[in-house]
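Me: I have a model open and would like to talk through a few of its side chains. Could we take them one at a time?

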Amino acid sequence: DNSSEFIPKRRNCRRQVREQSGEGDHHEGLSSDEELTPSEVDEFQKSKDNVLEDSRKIFEDVHADFCDIRKILLKFQEWKEKFPDSYCDAYISFCLPKLLNPLIRVQLISWNPLEENFAELEVMPWFRAIEEFSGAENVSESK
């Protein structure tokens, strides 16, 4: 098998390159295949910044009542309280996940659970709004 000979040669080649360039922070056994060059890191950061900037513009022309999860859920809560039969007939509990999905996804664009200081989902405003709505739904159902 020719591929088994290739791996040690590739490792030796990378080791020689590191030794010649003076890199002393490499830990043996860790893969350097995933290491990005500074230009790749810069390119990724620019691309990420562009996506985040574009995501801020997505709802800029939408009325606040229709792009704020809390306000949307309040409308559904009012509907449920005023017209419970119509609310149940429309299967709103099945529709809400699809309705809120794009709003939540936009808010999660910059979320990275692998970063040190990432926010827990449970403390995010959209999560708390859904939790409050679910709690209000359960209270009204128990009545």
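Me: Is tyrosine 87 buried or exposed?
Reply: Happy to help, and keep in mind that this is a predicted model. The relative accessible area of tyrosine 87 is 5%. Buried means under 20%, so tyrosine 87 counts as buried.

Me: How many aromatic pairs does a search of the whole structure find?
Reply: Ring centres have to lie within 6.5 Å to pair. With the whole structure searched, the number of aromatic pairs is five.

Me: What kind of aromatic pair do tryptophan 79 and tyrosine 87 form?
Reply: Their centres are 5.7 Å apart, and their planes make an angle of 85 degrees. Angles over 60 degrees count as edge-to-face, so the pair of tryptophan 79 and tyrosine 87 is edge-to-face.

Me: And tryptophan 79 itself, what is its exposure class?
Reply: Its relative accessible area is 27%. The class between under 20% and over 50% is partly exposed, so tryptophan 79 is partly exposed.

Me: Which residues form one aromatic cluster with Trp79?
Reply: One partner is already familiar from the edge-to-face pair, namely tyrosine 87. The cluster takes in another residue too, so to speak, and with Trp79 its members are Phe76 and Tyr87.

Me: Which side chain does arginine 56 touch through a polar contact of 3.1 Å?
Reply: Arginine 56 sits in helix H2, residues 38-57. Its relative accessible area is 56%, which makes it exposed. The polar contact of 3.1 Å links its side chain to that of glutamate 53.

Terms used
Residues numbered from 1 in each chain as written. Predicted model: local features only at pLDDT ≥ 70, side-chain atom pairs only at ≥ 80, totals over all residues. Heavy atoms only, no water. Phe/Tyr/Trp six-rings, centres within 6.5 Å; stacked < 30°, edge-to-face > 60°. Buried < 20%, exposed > 50% of the residue type's maximum accessible area, 1.4 Å probe, protein only. Helix = DSSP H or I, 4+ residues; strand = E, 2+ residues; numbered from the N terminus. Polar contact = N/O pair within 3.5 Å; in protein donor to acceptor, adjacent residues only side chain to side chain.
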